[in-house]
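Q: I would like to take a close look at one part of this molecule and follow it outward from there. Please go slowly, as I am in my first year.

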Amino acid sequence: MGEVIYEIHPDLCTECVGHHDKPQCQLFCPVDCIPHDPNHVESNDELMDKYKRLTAQKSASN
Ligand code: SF4
């Protein structure tokens, strides 16, 4: 939760790479209010690396 609205932390968002073909939050948002952040443009390979890093951290903490 941000100060005014919910915010997506760029370190924790893989644009759903590793789970889905398209960003699920954008697909299901009824008011089209989740834009790509031009300050955090990442390649598919970078997003997949983030996905692997995050899921490895999750597995290590369980
Ligand atoms: S649903 Fe996918 S694109 Fe949306 S915030 Fe979560 S990881 Fe990112």
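How many salt bridges does a search of the whole structure find, and which side chains meet there?

A: This is a predicted model, and a search through the whole of it finds 1 salt bridge. The partners are the side chains of Glu42 and Lys50, which meet at 3.0 Å, counted from N to O. As a general point, side chains of opposite charge can pair when their charged atoms come close.

It helps to take the two partners one at a time, beginning with Lys50. Lys50 has its place in helix H2, which covers residues 44–61. Its relative accessible area is 4%, and because buried means under 20%, Lys50 counts as buried. Glu42, on the other hand, has a relative accessibility of 26%, and because this value lies between 20% and 50%, Glu42 counts as partly exposed. The bridge therefore joins a buried lysine, Lys50, to a partly exposed glutamate, Glu42.

Next comes the question of what else surrounds Lys50. If its neighbours within four places in sequence are left aside, Lys50 is in contact with Pro10, Asp11, Cys13, Thr14 and Glu42, so that its bridge partner appears in this list beside residues from another part of the sequence. Two of these contacts, Cys13 and Thr14, return in the surroundings of the ligand, where the residues are Ile8, Cys13, Thr14, Glu15, Cys16, Pro23 and Cys25. Sorted by class, this shell holds 5 nonpolar residues, 1 polar and 1 charged.

One member of the shell, Cys16, deserves a second look for its backbone. Cys16 lies in the segment before helix H1, which spans 24–28, and its phi is near 70°, a positive value in a residue that is not glycine. For comparison, most residues other than glycine have a negative phi. Asp32 also has a positive phi, of about 50°, without being a glycine, and its place is in the loop between H1 and H2. With a relative accessible area of 70%, Asp32 is exposed, because exposed means over 50%.

Ile8, another residue around the ligand, leads on to the largest pocket, which holds about 490 Å³ of space. Of the 19 residues that line this pocket, those closest to its centre are Ile8, Ile34, Pro35, His36 and Asp37. The lining as a whole divides into 10 nonpolar, 4 polar and 5 charged residues.

Definitions and conventions. Residues numbered from 1 in each chain as written. Predicted model: local features only at pLDDT ≥ 70, side-chain atom pairs only at ≥ 80, totals over all residues. Heavy atoms only, no water. 1 Å grid on protein atoms, 1.4 Å probe; cavity = no way out; pocket = protein on both sides within 12 Å on 5 of 7 lines; lining within 4 Å. Points joined across faces, edges and corners; volume = space filled by probe spheres on them. Nonpolar A, V, L, I, M, F, W, Y, C, P; charged D, E, K, R; others polar. Near = heavy atom within 4 Å. Helix = DSSP H or I, 4+ residues; strand = E, 2+ residues; numbered from the N terminus. Contact = heavy atoms within 4.5 Å. Buried < 20%, exposed > 50% of the residue type's maximum accessible area, 1.4 Å probe, protein only. Salt bridge = Lys/Arg side-chain N within 4 Å of Asp/Glu carboxyl O.
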